[in-house]
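Q: Please take a close look at the salt bridges, and describe with care where the partners sit and how far they are covered.

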Amino acid sequence: MPDIDPADKSMDAIVALCKRRGFVYPASEIYGGINGFWDYGPLGVALKNNIRDHWWKHMVECPPIGPDGEPVSMVGLDSSIIQNPRTWEASGHVGGFSDPMVDCTDSKKRYRADHLMCHELSAATNLATKAPDAAVEIRPIGWLAVVEDEDYANLWVQRAKKIIKKTGGGELHVAGLNFVPYNELPSDIQKLVIGPDSDKPGTLTEPRQFNLMFETFVGAIRNEDAKAYLRPETAQGIFLNYKNVLDTMRVKVPFGVAQIGKSFRNEVTPRNFIFRSREFEQMEMEWFCAPDEAAKWYEFWKVERMKWWKTLGISDSNLRYRDHDEDELAHYSKMCVDIEYKYPFSAPGFGELEGVAHRGCFDLTQHQTHSKQKLEYFDQERQVKAKKAGASKEEIDAQSKYIPNVIEPASGLTRGVLVLLCEAYTEDGTRPSKEFMKFKPKFAPIKAGIFPLVNKDGMPEVAQKLYMQLREKYTCQIDAKQSIGKRYARMDEAGTPFCFTIDGDTLQDQTVTVRDRDSQSQERINIDKVDAFIAEKLAD
């Protein structure tokens, strides 16, 4: 079966299957849920752990081969979610980690002001006459806002037609669609904007900055001195431990520190299922290198990270690079590229999956300044080379003492889960379930289903024995309930690549039927070969 373009997949169908089969549940659902938070069910946590373990294996336990033909130097870390509050002052998060927020007094909803795309709205009141010589009267109505989306132009046109109809008829008059974010409009124009969930202008408040960090308090007394923050990224925990790693792990520049952990951002408008949520998991690595080698390592990690995502079974056509424009770059960033995926809600466009950033020496310099701790690196190899080259003392010091530059590949683990869910979701009308999850076998939450054809005649006992043998190596399920077709349907929706059925012939010739998830083809193999069969299929 050929790969399906994500543009042809329904997010509603994907979300429904995720709930029905236990991949992702709304958090606190029995109390009505809580916006921006999700729970990962039995299949979801298994999928997430498979991606996590694969990343850790490829980044820490068996890291890539570097430009010199040797494995790069990498160690792991698990830093605290709550750090000293001065961490976030040094990093710039306390003063600058905020989004412009706007409220609607009519709908009581809150929006990112820079995600409200506005365009002037006007109606042509006499076009219905179709009179070629009639004067066209253009009637200004105001400005109309829609929430930013890849298809917001079409959404704006649909809303504009409805607003015009409510305000006295006529036809939509469009002289080009040049959208402006709400926060970039003059204040007198903002008063004319009709919000996304309103039909009259003037209901949106003036934009105000909204810090994205969750606050908490450490200790028994709740005051400013006790205020702390849930981390908005895992990176700062790595920077704080840079010197500890140098002192304890016998590493030398260039080297990397990798970390997987939860981060928290009080997003104004969490959206698109688990794409943008308020609690999420990150897979981040900070690569410390000499300043004059940073560009080389930036290109290296840019290529390596794209290669890694493709190992998960993601189609080449659904991945791309997007270099950041200069006005997009963080103030400390020299270069940044996003690895993007074509999500169903962004198709035919793409959305962010991972960022690879050249952060310069900003972070370590900031922490050195605020903590008063020396974070310079002494590069003995460079000192020796400089001396042999006959460099002056000043040149030797400049070459051998420096604050490392940092290359940061940062991706969302939970966003990776979303990508595999979107990539795997496949509709097929020939199946009882009409849909299945086409995971690469290595990452499927359940690797094998084991079915006795009927629950009698010795078949359950043989199935149980096979299950007990396989469960030591693979995540398996044994299922004897309902018809074989319904059992296949359940496994298809869970993304299980192989099902083994024990039937009457098994008791005679020791063979079982193997059913392939993708092709639905079946073959007979010896029951003693099942372990080797699965191992071979998972090796890819």
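A: The account below goes through the salt bridges one pair after another.

This is a predicted model, in which local features need pLDDT of at least 70 and side-chain atom pairs count only at pLDDT 80 or more, whereas totals for chains, interfaces and linings use all residues. Residues are numbered from 1 along each chain as its sequence is written, and side-chain values use heavy atoms, with hydrogens and water left out.

The structure holds 40 salt bridges, each a side-chain nitrogen of Lys or Arg within 4 Å of a carboxyl oxygen of Asp or Glu. In one of them, the side chains of D5 and K342 meet at 3.6 Å, N to O; this pair links distant parts of the chain, 337 residues apart, with D5 in the segment before α1 (11-20) and K342 in the loop between β17 and β18 (351-360). Helices (H or I, at least four residues) and strands (E, at least two) are DSSP runs numbered from the N terminus. K342 is buried, with a relative accessible area of 12%, while D5, at 32%, is partly exposed (buried means under 20%, exposed over 50%, partly exposed in between, with a 1.4 Å probe and protein chains only).

The side chains of E381 and K252 also form a salt bridge, at 2.5 Å, N to O. E381 belongs to helix α11 (residues 380-388) and K252 to the loop between α8 (242-249) and β14 (255-264), so the pair ties together parts 129 residues apart in sequence. E381 is partly exposed at 45% relative accessibility, and K252 is partly exposed at 48%.

D103 and R110 meet at 2.8 Å, N to O, where D103 is buried at 15% and R110 is partly exposed at 38%. Finally, salt bridges link D292, E293, K296, D379 and R382 in a network.
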